[in-house]
Structure formats: C-alpha cells, structure tokens
Amino acid sequence: MTAVPRQNLPGHVCQVFEADAIYVSHGVNAGDSLGNPADLCEGDIYTLEDQAKPLRLVLAHGVQGERIAPGSQIGTPGEALTLVGRYTLMAPDATTVDLLFLRLDSGAAVALPLSPMGAELDYTLVAIDDAPERVPLVDLVCVSFGRGTMISLADGRQCPIETLQPGDKVLTRDHGPQPVRWLGKATLRAVGSFAPVVITAGTLGNSGDLIVSPHHRIFLYQRNRKPGLETAEILIQAKHLVDDDQVFQREGGFMDYFSLVFDQHEIIYAEGVPAESLMVSDATISRLPSELASEVRSRFPGLAQSQHFGTEASRQLLDSVGRETILGRPQPRKDSPR
C-alpha cells in the first residue's frame with residue numbers, strides 16, 4: 001500500500017463524550033467529572049450519564065498535528081487538541097475500556113472511549129497513564145487479520161492474506177466467490193487495544209492459530225438457536241473469546257495487520273474459521289488507523305455497507321448463555337496451563 005503523507009490525509013471522524021458526562025459515582029472523588037490524571041484516584045467508580053449523547057469529532061491532519069475540522073460538533077475549525085491522559089476502566093463484566101482524555105485549546109475536555117461504553121454502568125478506574133505515548137488519535141481500532149493468516153479462495157486453495165491482490169476471488173459464506181476490492185495494511189505496536197488475540201489451533205476447528213485484532217468479529221452458527229440469542233447466527237468480537245487458555249491476547253513488539261474489503265460486508269474463511277471482512281461505513285472507518293482509513297475513503301467514496309445479519313454477542317451475553325453452549329467446547333479450568 002502506498003503511503004500517503006499525513007498532511008494530505010482527509011478529515012477523520014470519531015465519537016467523543018463531553019468529559020462532564022462521565023463522573024465518579026462512588027469513591028474518593030464522588031461527584032467529580034473525568035479530569036486530569038493528577039486529580040484521579042484508582043479504584044474510583046465512574047458512570048456515563050444516561051442522557052449523554054456522543055458528539056461527532058472531525059480531525060484534520062496537518063504538519064502541526066491534528067486540529068478540529070469543519071463538521072465537528074465540538075470545538076471550532078482549526079482549534080488544536082492535546083492528548084492529556086489515557087485511562088483504563090474495568091466494566092462490570094471484567095472487560096476493560098481504554099479511554100483517551102483530550103483537551104482543546106479553549107479548555108473544553110472530551111473523553112474518547114476506544115471501546116463502547118454503556119450508560120449507567122459502573123466502570124472502575126484501574127490504571128492512569130499521565131504520559132501516554134504520542135500516537136495519531138485516529139489510530140484507534142483496527143479490524144484486521146495478522147500476517148500469515150490463511151484465507152480460503154474460491155477454488156478451495158488457501159493463501160496467506162498478505163499475498164492477495166485486488167480481483168482475486170475469495171470464498172464467502174453467503175455469496176460464493178467474491179473479488180477482493182482492496183487489501184490494506186497497517187503496522188502497529190502490539191500493546192493495549194492493538195495487541196492481537198490468538199485463537200489457538202483447534203479451538204474453533206481452525207487448522208492453525210488464528211490471529212486477529214481484538215475487535216475483529218468471528219462468526220458462529222448455532223444449529224439450534226439458544227435461549228437469550230435473537231438469531232442462530234452470532235458475531236462476537238475476538239476479545240470476548242479470551243479465556244487465557246485456548247484464546248489469549250499477546251502483547252509486545254509490532255504487528256502487521258491486513259484488512260479486506262469486498263462489495264458487501266462478507267463472512268470469509270480464515271484458517272477455516274468464518275470471520276468478517278472490513279465493513280465500510282462511517283463508524284468503522286473512523287476507528288481505522290489513519291493510513292488505512294484514508295485509502296478506504298479515497299477508493300470507496302460514498303460506500304456504506306450494511307452489517308451481515310446476525311446477533312452481536314457481548315461478553316456478558318456469552319457468559320450468561322454459557323461459553324460452552326456457544327463455542328461447543330468445555331470451559332477451561334482456572335488453573336489449566338496455556
């Protein structure tokens with residue numbers, strides 16, 4: 001993929017909340033809204049107000065860094081913003097949410113969650129980073145496969161994802177052979193939200209380890225729809241499958257991620273496991289690394305794909321219905337070695 005100079009990248013869209021909408025409901029700083037790192041206390045419980053509405057933040061890329069672009073619902077065009085802190089919150093289901101705390105030149109503060117936050121839920125502050133590594137704010141969530149992932153082609157052969165070319169026909173679950181429209185690549189530091197999830201060989205019938213980004217959704221089909229599930233078809237983020245036994249998150253070093261785009265949002269086969277392609281929409285593109293997002297926008301202007309039919313399964317739903325029920329394998333013992 002040809003690199004695009006950052007100063008020439010188009011505006012990038014993401015969703016933020018006003019910092020005042022996230023407040024301490026229990027703890028040392030009870031009643032205080034989200035603030036600077038020095039003012040926070042680990043262990044405090046934060047809540048997102050029930051009536052809080054996400055605001056559209058459009059970022060412009062220039063030689064002097066990222067600034068507010070026209071179309072934003074907060075700030076003024078040309079205004080600079082600064083990453084002040086990165087916080088880790090733990091949800092009631094024990095999953096974590098990374099949250100960026102940003103200040104505009106005007107003094108206004110906003111919070112940018114890197115994973116969805118639910119209103120009126122208790123989130124415990126478990127980590128405070130008051131000197132976060134400076135990275136482009138648009139390098140948020142990458143929905144991609146790791147280098148070497150074997151993709152099933154229309155003729156039954158498998159090939160590493162990085163060798164695919166536009167026009168190559170890939171086998172899809174619902175529409176048969178479909179040509180690849182675009183293959184994108186990003187190299188990211190494998191930490192936090194960018195640390196890959198490893199689904200070890202055999203866990204889901206995969207012949208080799210399936211390595212994907214944490215927010216990449218795996219497709220699971222239940223022959224008989226289970227109670228609590230709206231459909232027999234389930235899409236579940238890889239991070240919700242982590243059990244630190246057969247599925248784990250691997251941190252350290254750098255990771256080459258590859259994304260595939262088709263004419264529609266497709267379910268393809270990676271290491272023999274059904275998994276989603278990149279869905280081209282405003283919401284998903286806004287979470288891609290900037291180099292990927294800019295090229296997707298330039299190649300597919302106006303393209304807005306619909307999500308593949310199926311139930312979006314949260315970690316909480318997975319646990320309530322039963323991991324063994326959905327995954328078709330016993331739950332690991334807590335003391336079992338990886």
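What share of the 338 residues in the chain is buried? Buried residues make up 51% of the chain. Keep in mind that this is a predicted model.

## The chain as a whole

The secondary structure comes to four helices and 24 strands. The accessible surface of the chain is about 15,200 Å². Carbon and sulfur atoms account for 48% of that surface. Now look at contacts between residues at least 6 apart in sequence. Of these, 65% join residues at least 24 apart.

## Two nonpolar cores

In soluble globular proteins, nonpolar side chains tend to be buried together. In this model, the largest nonpolar core has 28 residues. Those with the most contacts inside this core are F145, I161, L164, V170, L210, I218 and L260. Several strands each supply at least two residues of this core, including β16 (197-199), β17 (210-212) and β18 (217-221). Also on that list are β19 (233-237), β21 (254-261), β22 (267-270) and β23 (273-276). Another core lies apart from this one. That second core has 21 residues, among them Y46, F101, A109 and M117.

Take L164 as an example from the largest core. Which residues does L164 touch, leaving aside its neighbours within four places in sequence? L164 is in contact with I151, L153, C159, V170, L183 and L260. One of these partners, C159, is buried because its relative accessibility is 12%, under the 20% cut-off.

## A closer look at I199

I199 is found in strand β16. Is I199 buried or exposed? I199 is buried, with a relative accessible area of 0%. Leave aside its neighbours within four places in sequence, and I199 is in contact with L204, N206, G208, D209, L210, I218, L241, Q246 and V247. Two of those partners, L210 and I218, are among the residues with the most contacts inside the largest core. I199 and D243 are 44 residues apart in sequence. In space, their C-alpha atoms are 10.0 Å apart.

## Strand β21 and its partners

Strand β21 is mostly covered. Seven of its eight residues are buried. Eight bridges join β15 to β21, and these two strands run antiparallel. R189 stands opposite F254 in β21. Strands β10 and β21 also run antiparallel, joined by two bridges. Here F145 has F258 in β21 as its bridge partner. F145 is also one of the residues with the most contacts inside the largest core.

## Salt bridges

Side chains of opposite charge can pair when their charged atoms come close. How many salt bridges does the structure hold? The structure holds five salt bridges. The table gives three of them.

| Salt bridge | Closest N and O atoms |
|---|---|
| D256 and R147 | 2.9 Å |
| D155 and R157 | 2.8 Å |
| R181 and D263 | 2.2 Å |

The bridge between D256 and R147 links distant parts of the chain. D256 sits in strand β21, while R147 is in the loop between β10 (145-146) and β11 (150-152). The two residues are 109 residues apart. R147 counts as partly exposed, at 43% relative accessibility.

The bridge between R181 and D263 also links distant parts of the chain, 82 residues apart. R181 lies in the loop between β14 (176-179) and β15 (182-189). D263 lies in the loop between β21 and β22. R181 is partly exposed, with 35% relative accessibility. D263 is partly exposed too, at 38%.

What about D155 and R157, exposed or buried? D155 is exposed, with a relative accessible area of 51%. R157 counts as exposed as well, at 52%. Both are exposed because their values are over 50%.

## Cysteines and a buried loop residue

How many disulfides does the count give? The count comes to zero. C41 is partly exposed, with a relative accessible area of 25%. C159, by contrast, counts as buried.

C41 is also one of the residues in contact with N29. N29 has its place in the loop between β2 (22-26) and β3 (45-48). N29 is buried, with a relative accessible area of 15%. Leaving aside its neighbours within four places in sequence, N29 is in contact with V24, D39, L40, C41 and D44.

How values were computed. Residues are numbered from 1 along each chain as its sequence is written. This is a predicted model: local features need pLDDT of at least 70, side-chain atom pairs count only at pLDDT 80 or more; totals for chains, interfaces and linings use all residues. Side-chain values use heavy atoms; hydrogens and water are left out. A nonpolar core is a set of buried Ala, Val, Leu, Ile, Met, Phe, Trp, Tyr and Cys residues joined through side-chain atoms within 4.5 Å. Buried means under 20% relative accessible area, exposed over 50%, partly exposed in between (1.4 Å probe, protein chains only). Contact means heavy atoms within 4.5 Å. A salt bridge is a side-chain nitrogen of Lys or Arg within 4 Å of a carboxyl oxygen of Asp or Glu. A disulfide is a pair of cysteine sulfur atoms within 2.5 Å. Two strands pair if DSSP finds at least two bridges between them. Accessible areas come from the Shrake-Rupley method with a 1.4 Å probe; for residues, only the protein chains shown count as cover.
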